[in-house]
Amino acid sequence: MSTPKTLFDKVWDAHVVRHVDDGPDVFFIDRHFIHEVTSPVAFLGLESRHVPVMFSQRTFATADHNTPTLNQHLPVADPLSANQLAALERNATKYGISHWGLGHIKNGIVHVVGPENGITLPGMTIVCGDSHTSTHGAFGAIAFGIGTSEVEMVLATQCIMQPKPKKMRITVNGTLGKGVLPKDAILYIISQISASGATGYFVEYAGDVFENMSMEGRMTVCNMSIEMGARGGIIAPDATTLNYLKGRELAPQGEQWDKLVPYWQTLKTDEGATFDVDLTFDAAAIEPQITYGTNPGLGTGVTRQIPVAETVKDGAASYKKSLQYMGFSENESMLGKPVDFVFLGSCTNGRIEDFRAFASIVKGRQKADNVTAWLVPGSHIVESQIKEEGILDILTTAGFELRQPGCSACLAMNEDKIPAGKYAVSTSNRNFEGRQGPGARTLLASPLVAAAAAVTGVVTDPRQFI
Amino acid sequence: MAYDKFTILRSTAVPMPIENVDTDQIIPARFLKATERKGFGDNLFRDWRYNNDDTPKQDFVLNNPTYSGEGSPRKILVGGKNFGSGSSREHAAWAIYDYGFRCVVSSFFADIFRNNSLNIGILPVQVSPEFLEKIFAAIDADPNTELEINLPTQTITLLVTGESESFNINGYKKHNLINGYDDIDYLLSMKGEIETFAETRPF
């Protein structure tokens, strides 16, 4: 019998074109997503080398980071953004790459549109010049973010030079409690192991909680793997995965699909396979979470107090700098903190389930007067679902407006910037200083916590509304 | 693109003893709108370096004449634990390079930042937390203290005391840095092998 392998080993080893002695593997990439921000310089590099794109049909382009979320039918006002969007379209056309630009029916955030159109499949390797490429690991793919030099590398050769990361397994057994979402599970894990706790590792998520989780939830979890330093996260494909993908437009169909299913069923960690690190958590310990600091590891249960410096893994000086930026103090309670903005969206929580969760709380209530809420679907397809399912009516009745798809206030490259000093409860992935606009203060949370804040105007435990 | 060769670097350093310096701080997202790789150094650490009215913040290290004085270009940036976390934007490495740094020293680097740095010719040198403290203490005692980074022997030395520590780098990347080669040259040389491999993929 052969040596037991982990899921990660199986997918990795199947993509090594050549192993370089005392060096990285030459690693083959099945799918490459590109967007307007990290690709233009890569295309310039191709031109200066006079090399073509090796496999243009393996690359997909979408516009998302810079796009406005209002009046998308009008020309993009910011000339620099417009320039990047035009460069993407020009490069895609020149090299024969599928391009879902602004206004295209399939346009949306790269990590939302890949899975919902069936481009992302189990057993694939997927890269993109964006760290949240880890999202696609939810399908049993090895997916991770790369830099622009590597974008150029993949365009030119469909490979990157990559050392194999170490392996970590994170098991969460039990059942998530009432009002506790996948976002809370991953924020909890990051708070337990810190923002650098998985650096150098690729994480496999295992246990009841992930087995029973929807694909949307698994994507949220894998999306945030990078926030604890991991290159990516991966979850074994199962019936939930295949049910999600079957029939999606660009997924294999008919006989081709049937041929792949037996292969996909082999994609799981063998009995006896080992990990460099094996961690286990109990689902019962996880409450709705909220962050209070300036990295995603600085979070806690929404009903708890901000910890004292001695009990966190970050150094005391860095921790105090973080609290100072946020305008918070040790030992303060998070409940009741005033909220100015609420952002529902991003590649972490801009999917239909997130809007369903948000609507479940705001239904029959009204938006708090002191809150500005930006509700931004991850794609046009999500936007259509919101309308078809009657969620838009619920939101509108409660005093909210729906914007158009894009990355929006997650990284504030477009007009959607949180003003300096203001507090935002955000379903996105990063609470770094200035991430949502210079001086903005971000509290990361689930769509339920965001909804509770949106109707009360303060940090609130959503369980009281359920 | 091919980049400068890196062998032995001897320089004074800029100390930044802050943990979890993420790439949003190194180069905020609003400066990622260029379609060419130039001019990023001016916005390196933009929001830590400048006030809203674009006047320099006096208490930030890059605005301190001790560390940014004319005639003493400092080629080494010494950062705290978990340097370069967050976004995959290579613009962060470009900004550091464009400002004039050729080496970043820390006790811990985020993976993508480490890769991005190596891919554009910046050497990330990971030292022990103890050695990092010694470096910060030495610069504190004498801002003009010099460090020597020797890539061929994989050692970093505090010249004032002669204290030294070895660092890891994989052999392939070391060879590339010393010779100024890049990965794409290597991969293009095996085009046929890659095309044959691609035919075996089921999707």
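## Buried helices, chain contact and charge pairs in a two-chain model

In helix 2 of chain A, the residues P40(A), V41(A), A42(A), F43(A), G45(A), L46(A) and R49(A) are buried. The model is a predicted one, and helix 2, which spans residues 40–49 of chain A, is mostly covered in it, with seven of its 10 residues buried. The cover over these buried residues includes strand 3 (31–34), helix 3 (79–95) and helix 5 of chain A, together with helix 4 and helix 8 of chain B. The points below take up the helices, the contact between the chains, the nonpolar cores and the salt bridges in turn.

**Covered helices of chain A**

- Helix 2 of chain A is followed by H50(A), a residue whose phi is positive and lies near 60 degrees.
- Helix 5 of chain A (residues 148–157) has 10 of its 10 residues buried, so this helix is largely enclosed by the rest of the structure.
- The buried residues of helix 5 of chain A are T148(A), S149(A), E150(A), V151(A), E152(A), M153(A), V154(A), L155(A), A156(A) and T157(A), a list in which E150(A) and E152(A) appear alongside residues such as V151(A) and L155(A).
- Just after helix 5 of chain A comes Q158(A), which takes a positive phi of about 60 degrees.

**Contact between chain B and chain A**

- The contact draws 55 residues from chain B and 74 residues from chain A, and the area buried between the two chains is about 5300 Å², with carbon and sulfur atoms giving 60% of that area.
- Of the area that chain B buries against chain A, K33(B), T35(B) and F203(B) supply 16%, which is more than any other three residues supply.
- Six salt bridges are counted between chain B and chain A; in one salt bridge the side chains of R49(A) and D185(B) meet at 3.2 Å, N to O, and R49(A) is also listed among the buried residues of helix 2 of chain A.
- Across the interface of chain B and chain A, 28 residue pairs are found in polar contact, counting pairs in which both residues are at pLDDT 80 or more.
- On the side of chain B that touches chain A, at least two residues each are supplied by helix 1 (23–26), helix 2 (46–49), helix 4 (91–99), helix 5 (111–120), helix 7 (171–179), helix 8 (183–188) and helix 9 (191–198) of chain B.
- Sorted by class, that side of chain B has 23 nonpolar, 13 polar and 19 charged residues.

**Nonpolar cores**

- The largest nonpolar core has 112 residues, and those with the most contacts inside it are F358(A), F45(B), V105(B) and I149(B), so named residues of both chain A and chain B belong to this core.
- Helix 16 of chain A (residues 447–456) gives the largest share of this core, namely eight residues.
- Apart from neighbours within four places in sequence, F358(A) is in contact with V342(A), L344(A), L375(A), L395(A), F400(A), P447(A), A450(A), A451(A) and A454(A).
- A second, separate core of 101 residues includes V76(A), I142(A), Y205(A) and W257(A).

**Salt bridges across the structure**

- A search of the whole structure finds 35 salt bridges over all chains.
- E227(A) forms a salt bridge with R430(A), and their closest N and O atoms are 3.0 Å apart; this pair links distant parts of the chain, with E227(A) in the loop between helix 8 (215–223) and strand 11 (232–234), R430(A) in the loop between strand 17 (423–426) and strand 18 (441–444), and the two positions 203 residues apart.
- Both partners of this pair, E227(A) and R430(A), are buried.
- The side chains of E332(A) and K337(A) meet in a salt bridge at 2.7 Å, N to O; E332(A) is partly exposed, with a relative accessible area of 26%, whereas K337(A) is buried, with a relative accessible area of 12%.
- In chain B, the side chains of D54(B) and R46(B) meet in a salt bridge at 2.6 Å, N to O; D54(B) counts as partly exposed at 47% relative accessibility, while R46(B) is buried, with a relative accessible area of 14%.
- Salt bridges that share partners join K5(A), D9(A), D13(A), K164(A) and K167(A) into one network.

**The loop between helix 8 and strand 11 of chain A**

- S225(A) is found in this loop and is buried, with a relative accessible area of 0%.
- Leaving aside neighbours within four places in sequence, S225(A) is in contact with S134(A), Y205(A), A230(A), G232(A) and G233(A), and Y205(A) is also one of the residues included in the second core.

Terms used
Residues numbered from 1 in each chain as written. Chains lettered and ligands numbered in written order. Predicted model: local features only at pLDDT ≥ 70, side-chain atom pairs only at ≥ 80, totals over all residues. Heavy atoms only, no water. Buried < 20%, exposed > 50% of the residue type's maximum accessible area, 1.4 Å probe, protein only. Helix = DSSP H or I, 4+ residues; strand = E, 2+ residues; numbered from the N terminus. Contact = heavy atoms within 4.5 Å. Buried area = accessible area lost by both parts, 1.4 Å probe. Salt bridge = Lys/Arg side-chain N within 4 Å of Asp/Glu carboxyl O. Polar contact = N/O pair within 3.5 Å; in protein donor to acceptor, adjacent residues only side chain to side chain. Nonpolar A, V, L, I, M, F, W, Y, C, P; charged D, E, K, R; others polar. Core = buried A, V, L, I, M, F, W, Y, C linked by side-chain atoms within 4.5 Å.
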